[in-house]
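Good morning, and thank you for coming. I should like to take you through one protein model today, beginning with a single helix face and ending with the overall fold.

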Amino acid sequence: MSEKIDFYNSLELTLIEAENLISDGVNNSKSMFHTPVLSTFVNETISTRTVVLREFNLKNRTLRFHTDSRSGKIEELKENSISSVHGYDPDLKVQIRLKGKTLVHINDEISKEAWAESREMSKMCYSVKDSPGIKISSPEPFDLIKEEIDIELGYDNFAVLLFSYDSLEFLFLKGAGHRRSLFDWNSSQLKSSWLIP
Ligand SMILES: Cc1cc2nc3c(=O)[nH]c(=O)nc-3n(C[C@H](O)[C@H](O)[C@H](O)COP(=O)(O)O)c2cc1C
């Protein structure tokens with residue numbers, strides 16, 4: 001983001017700024033949008049966790065995340081796909097909130113492609129012996145030793161989460177006047193509006 005804040009009084013430029021920040025988050029590990037927070041329902045409560053942003057498809061408004069197919073959130077997401085994604089960059093003073101749905105992809109074309117382009121280091125964690133979240137008496141037996149595992153077998157435990165949003169809320173903090181805006185794709189046409197911060 002440049003010093004001159006072009007988007008400050010423009011809804012159109014605000015949306016472009018938000019999309020650029022999310023897009024930058026894919027490859028820029030220093031960006032706060034590289035590790036956003038994904039919230040989903042677990043029964044009647046909300047579960048929140050940090051995930052790495054792997055891909056952003058602007059046209060489809062989808063964000064791709066990877067996870068372990070044995071984790072509890074997989075079954076929970078199949079029951080209720082409603083989810084939200086949140087990111088805040090304290091340097092830029094920008095918060096982005098997305099609302100939408102998360103679809104799970106296991107052993108299909110989408111997961112195969114995502115696995116093929118994953119780095120060895122990222123693939124490794126899917127070789128952990130048992131399901132994430134299970135209570136254990138000691139952590140050491142679950143440590144991963146590269147030489148002892150066949151990294152490619154981890155694909156059996158690999159899942160892609162495709163989050164698609166139909167609402168984007170942007171908040172920019174500035175002493176003299178915050179800027180908050182909402183972009184909504186729920187109807188056939190995009191509806192953009194300012195909100196009182
Ligand atoms: C920086 C960071 C990045 C993470 N990236 C992922 C990720 O891409 N996918 C994932 O499933 N968990 C990731 N985690 C771990 C999750 O935050 C969470 O602890 C784990 O997925 C278990 O959550 P669950 O019980 O809701 O399944 C990451 C955690 C941190 C701190």
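Please look first at helix H2, where the face turned away from the buried side carries the exposed residues Lys-78 and Glu-79. I should say at once that this is a predicted model. Which residues of helix H2 are buried? Within residues 72–79, they are Lys-73, Ile-74 and Leu-77. These three cover an arc of only 110° around the axis, and therefore they lie on the same side of H2. As for what they pack against, the partners are strands E1 (37–42), E2 (45–50), E4, E5 (82–89), E6 and E7.

Let us turn to helix H1. This helix runs over residues 11–27, and its 17 residues should span 24 Å at 1.5 Å a residue; the C-alpha atoms at its ends are 26 Å apart, which agrees. At the N-terminal end, Ser-10 acts as a cap, with a side-chain oxygen 3.4 Å from the backbone nitrogen of Glu-12. The buried residues of H1 include Leu-11, Leu-15, Ala-18, Leu-21, Ile-22 and Val-26. Glu-17 and Glu-19 also belong to the buried set. Among the elements covering the buried residues of H1 are strand E3 (55–57), strand E4 (62–68), strand E6 (94–105) and strand E7 (158–172). Strands E8 (179–184) and E9 (191–195) take part in that cover as well.

My next topic is the aromatic rings. A pair of aromatic rings is described by the distance of the centres and the angle of the planes. The count in this model comes to nine aromatic pairs. In one of them, Phe-7 and Phe-170 meet edge-to-face, 5.4 Å centre to centre and with 80° between the planes. This pair links distant parts of the chain, since Phe-7 is in the segment before H1 and Phe-170 is in strand E7, 163 residues apart. Are these two rings buried or exposed? Phe-7 has 3% relative accessibility and so counts as buried. Phe-170 is buried too, with a relative accessible area of 1%.

Another edge-to-face pair is formed by Tyr-165 and Trp-185, at 5.6 Å centre to centre and 70° between the planes. Here too distant parts of the chain are linked: Tyr-165 is in strand E7, while Trp-185 is in the loop between E8 and E9, 20 residues apart. Both Tyr-165 and Trp-185 are buried.

Ring pairs also join Phe-7, Tyr-8, Phe-170 and Phe-172 into a cluster. Over the face of Tyr-8 lies Arg-179, at 4.0 Å from the ring centre. Elsewhere, the charged end of Lys-129 sits over the ring of Phe-142, 5.6 Å from its centre.

Lys-129 brings us to Leu-144. The C-alpha atoms of these two residues are separated by 8.8 Å, and they are 15 residues apart along the chain. Leu-144 is placed in the loop between helix H4 (120–124) and E7. Its relative accessibility is 31%, so Leu-144 counts as partly exposed. Beyond its neighbours within four places in sequence, Leu-144 is in contact with Met-124, Cys-125, Ser-127, Val-128 and Ile-149.

Finally, the whole protein. How many helices and strands does the protein have? There are four helices and nine strands, and along the sequence they follow the pattern α-β-β-β-β-α-β-β-α-α-β-β-β. The C-alpha trace spans about 55 × 35 × 35 Å along its principal axes. Of the 197 residues, 41% are buried. Among contacts between residues at least 6 apart in sequence, 62% join residues at least 24 apart.

Conventions
Residues numbered from 1 in each chain as written. Heavy atoms only, no water. Helix = DSSP H or I, 4+ residues; strand = E, 2+ residues; numbered from the N terminus. Expected span 1.5 Å × (residues − 1). Buried < 20%, exposed > 50% of the residue type's maximum accessible area, 1.4 Å probe, protein only. Contact = heavy atoms within 4.5 Å. Polar contact = N/O pair within 3.5 Å; in protein donor to acceptor, adjacent residues only side chain to side chain. Phe/Tyr/Trp six-rings, centres within 6.5 Å; stacked < 30°, edge-to-face > 60°. Lys NZ or Arg CZ within 6 Å of the ring centre and 35° of its normal. Arc of directions from axis to C-beta.
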